[in-house]
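These are my notebook entries on a structure that I had not examined before. I set down what I looked up and what I found, entry by entry.

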Amino acid sequence: MKPATDVFIIGGGPAGLAAGIAVRQQGLEVVVADGARPPIDKPCGEGLMPDGCAALAQLGISVPEELSRPFRGITFISGGLRAEANFPTGTGIGVRRTVLHRLMVERAEAAGVSLLWKTPVTALHAEGVLLGQELVRSRWIVGADGGHSLVRRWAGLDRFLCDRTRFAFRRHYRIAPWTDSMELHWGPKCQIYVTPVADDEICVALVSGDPHLRLDAALPAFPEFAARLRDAEPSSAERGATSSTRKLRQVYQGRVALVGDASGAVDSITGEGLCLTFRQAQVLAECFVRGDLRRYQKEHRKLARRPAMMAGLMLTLDWKTSLRQRVMRAFDSDPRLFSRMLAMHVGALSSLDFAINGLSLGWHLVTA
Ligand SMILES: Cc1cc2nc3c(=O)[nH]c(=O)nc-3n(C[C@H](O)[C@H](O)[C@H](O)COP(=O)(O)OP(=O)(O)OC[C@H]3O[C@@H](n4cnc5c(N)ncnc54)[C@H](O)[C@@H]3O)c2cc1C
């Protein structure tokens with residue numbers, strides 16, 4: 001019997017939509033089903049680094065200027081010290097999650113993706129997926145159903161090489177951004193990310209290991225930032241989410257493949273989650289055409305390597321305050337170190353430059 005579609009994607013968040021678009025770019029038929037209705041919101045730092053913008057452009061999506069706010073680099077602020085650098089090329093953008101979702105839905109529709117909203121998938125079936133009692137036959141199935149993926153469990157892929165969780169709370173504030181950088185404020189075992197998302201709005205996300213630490217309770221530990229927020233009105237409700245570091249043993253089983261947070265994640269501190277997701281989607285679509293999911297497994301691992309390493313480095317700074325302050329002083333004494341670290345972060349540095357920068361930073365730490 002002929003399947004109803006070539007690819008059925010479970011989940012219509014950024015990963016599911018990106019995969020849907022990429023699959024259409026390869027000329028296959030695709031259905032995306034999501035239990036929710038668009039535009040779908042989700043707590044997020046809402047920053048897209050230049051490599052994330054490039055990956056989005058490959059899917060045929062550019063975010064209009066009037067719906068976003070560019071940022072030219074990253075600033076670390078910790079214990080009275082600052083380190084600031086621009087991206088080596090390009091700019092990042094801050095964009096409300098709902099806006100990004102709407103743009104992705106529009107692009108998916110234009111590309112010919114069949115979209116089913118308010119349609120939760122209830123089980124996998126030998127020939128496709130079940131929407132309640134209804135069977136939809138499909139050659140390939142994609143689990144793009146987020147960090148708490150049921151598809152991952154149904155396919156027997158819930159086996160992790162590492163699995164750590166932190167807790168996040170996000171809220172928007174009505175205030176003109178005071179900087180054209182994305183700020184990372186380091187506090188006692190927590191961070192606040194500040195992303196300009198419009199000319200009169202910022203997105204604030206607090207991330208820590210404590211599930212009970214909310215934004216208002218954390219603010220006194222960030223006096224400089226709290227002073228800026230004093231007269232700013234919240235423009236959205238505070239919403240919580242988990243931020244995971246997760247690596248799966250395997251990201252496919254038979255003809256079921258996982259993409260996005262369902263397939264593992266790097267901690268949100270990197271701001272690279274969406275970029276990773278968009279890139280996975282492109283590779284997965286190519287692998288469907290070749291009929292080779294083993295290649296997807298290999299490429300998936302390669303794509304995660306750099307962001308996972310950067311997340312590891314940054315989380316070490318979270319755990320060890322004294323080391324963080326030494327690193328901040330090293331950045332202060334030689335600002336090129338931070339510029340190169342940022343270049344490394346967005347994939348604009350060769351492995352050799354990477355190693356040289358590591359040695360140089362090590363030397364500064366030893367001699368500081
Ligand atoms: C605090 C925080 C800050 C972050 N900041 C950034 C940042 O600044 N930049 C960045 O690039 N990344 C950031 N990330 C990461 C980014 O948000 C994620 O990588 C991204 O949301 C992953 O998208 P996804 O589509 O895989 O999952 P989700 O966005 O979780 O989407 C999953 C979708 O699947 C649907 N679904 C679930 N089950 C079913 C079912 N059975 N049937 C049908 N549909 C189903 C859900 O309704 C949902 O729409 C951050 C993450 C956190 C937690």
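**Entry 1. The crossing of two helices.** I began with a helix pair and noted that α1 passes α7 in a right-handed crossing. I looked up the geometry next: the two helices, α1 and α7, pack at an angle of about 35°, and their axes are 8 Å apart. By class, I counted twelve nonpolar, three polar and no charged residues in the contact of α1 with α7. On the α1 side I listed Pro14, Ala15, Ala18, Ala19, Ala22, Val23 and Gln25. On the α7 side I listed Leu274, Thr277, Phe278, Ala281, Gln282, Leu284, Ala285 and Phe288. I record here that the model is a predicted one.

**Entry 2. Helix α7 by itself.** I asked what span α7 should have at 1.5 Å a residue. The 18 residues of α7 should span 26 Å, and the end C-alpha atoms of the helix are 26 Å apart, so the expectation agrees with the model. I then checked how far α7 is covered, and found 14 of its 18 residues buried. The helix is followed by glycine 291, whose phi is positive, near 65°.

**Entry 3. Glycine 291.** I followed the chain to this residue, which is found in the loop between α7 and α8 (293-319). Is glycine 291 buried or exposed? I found 10 C-beta neighbours inside 10 Å, and a residue with 12 or fewer is classed as exposed, so glycine 291 counts as exposed. I also looked up its separation from tryptophan 140: the two are 151 residues apart in sequence, and their C-alpha atoms are 9.5 Å apart in space.

**Entry 4. The surroundings of the ligand.** How many residues surround the ligand? I found 42, and the closest are Gly13, Gly45, Gly146, Gly260 and Gly273. I sorted the shell by class and obtained 20 nonpolar, 15 polar and seven charged residues. I then asked which elements supply at least two residues of the shell. They are the helices α1 (14-25) and α7 (273-290), together with the strands β3 (47-48), β12 (160-174), β15 (201-208) and β17 (239-248). The element that gives the most to the shell is α7, with four residues.

**Entry 5. Isoleucine 21.** I returned to helix α1, where isoleucine 21 has its place. I noted that isoleucine 21 is buried, because 27 other C-beta atoms lie within 10 Å. Setting aside residues up to four places away in sequence, I found that isoleucine 21 touches Leu59, Gly60, Arg107, Ala108, Ala111 and Val113. For one of these partners, arginine 107, I looked up the separation: it is 86 residues from isoleucine 21 along the chain, with 7.5 Å between the C-alpha atoms.

**Entry 6. The loop between β2 and β3.** I looked here for backbone features. The peptide bond from proline 38 to proline 39 is cis, with omega near 0°, and proline 39 is found in the loop between β2 (30-33) and β3. Glutamate 46 has its place in the loop between β2 and β3. I recorded for glutamate 46 a positive phi of about 65°, although it is not a glycine. With 29 C-beta neighbours inside 10 Å, glutamate 46 counts as buried.

**Entry 7. Lysine 118.** I noted another positive phi, of about 50°, at lysine 118, which is not a glycine. Lysine 118 is placed in the loop between β8 (114-116) and β9 (123-125). I found 10 C-beta neighbours inside 10 Å, and lysine 118 therefore counts as exposed.

**Entry 8. Glutamate 84.** I located glutamate 84 in strand β6 (residues 81-86). Glutamate 84 is partly exposed, with 18 other C-beta atoms within 10 Å. Apart from residues up to four places away in sequence, it touches Gly73, Thr75 and Ser181. From glutamate 84 to leucine 100 I recorded 16 residues in sequence and 27 Å in space, C-alpha to C-alpha.

**Entry 9. Helix α10.** Why is α10 (residues 335-345) largely enclosed by the rest of the structure? Nine of its eleven residues are buried, and it is therefore described in that way. Among the buried residues of α10 I noted Leu337, Phe338, Met341, Leu342 and Met344, and also Arg340 and His345. Just after α10, glycine 347 takes a positive phi of about 75°.

Methods:
Residues are numbered from 1 along each chain as its sequence is written. This is a predicted model: local features need pLDDT of at least 70, side-chain atom pairs count only at pLDDT 80 or more; totals for chains, interfaces and linings use all residues. A residue is near a molecule or strand if its C-beta atom, placed from the backbone, lies within 6 Å of it. Ala, Val, Leu, Ile, Met, Phe, Trp, Tyr, Cys and Pro count as nonpolar, Asp, Glu, Lys and Arg as charged, and the others, Gly among them, as polar. The expected span of a helix is 1.5 Å times one less than its number of residues. A residue is buried if 20 or more other C-beta atoms lie within 10 Å of its own, exposed if 12 or fewer, and partly exposed in between; C-beta atoms are placed from the backbone. Axes are lines fitted to C-alpha atoms, for helices over the stretch in contact, and angles run from 0 to 180 degrees between N-to-C directions. A crossing is left-handed if the near helix is turned anticlockwise from the far one by less than a right angle, and right-handed if clockwise. Two residues are in contact if their C-beta atoms, placed from the backbone, lie within 7 Å.
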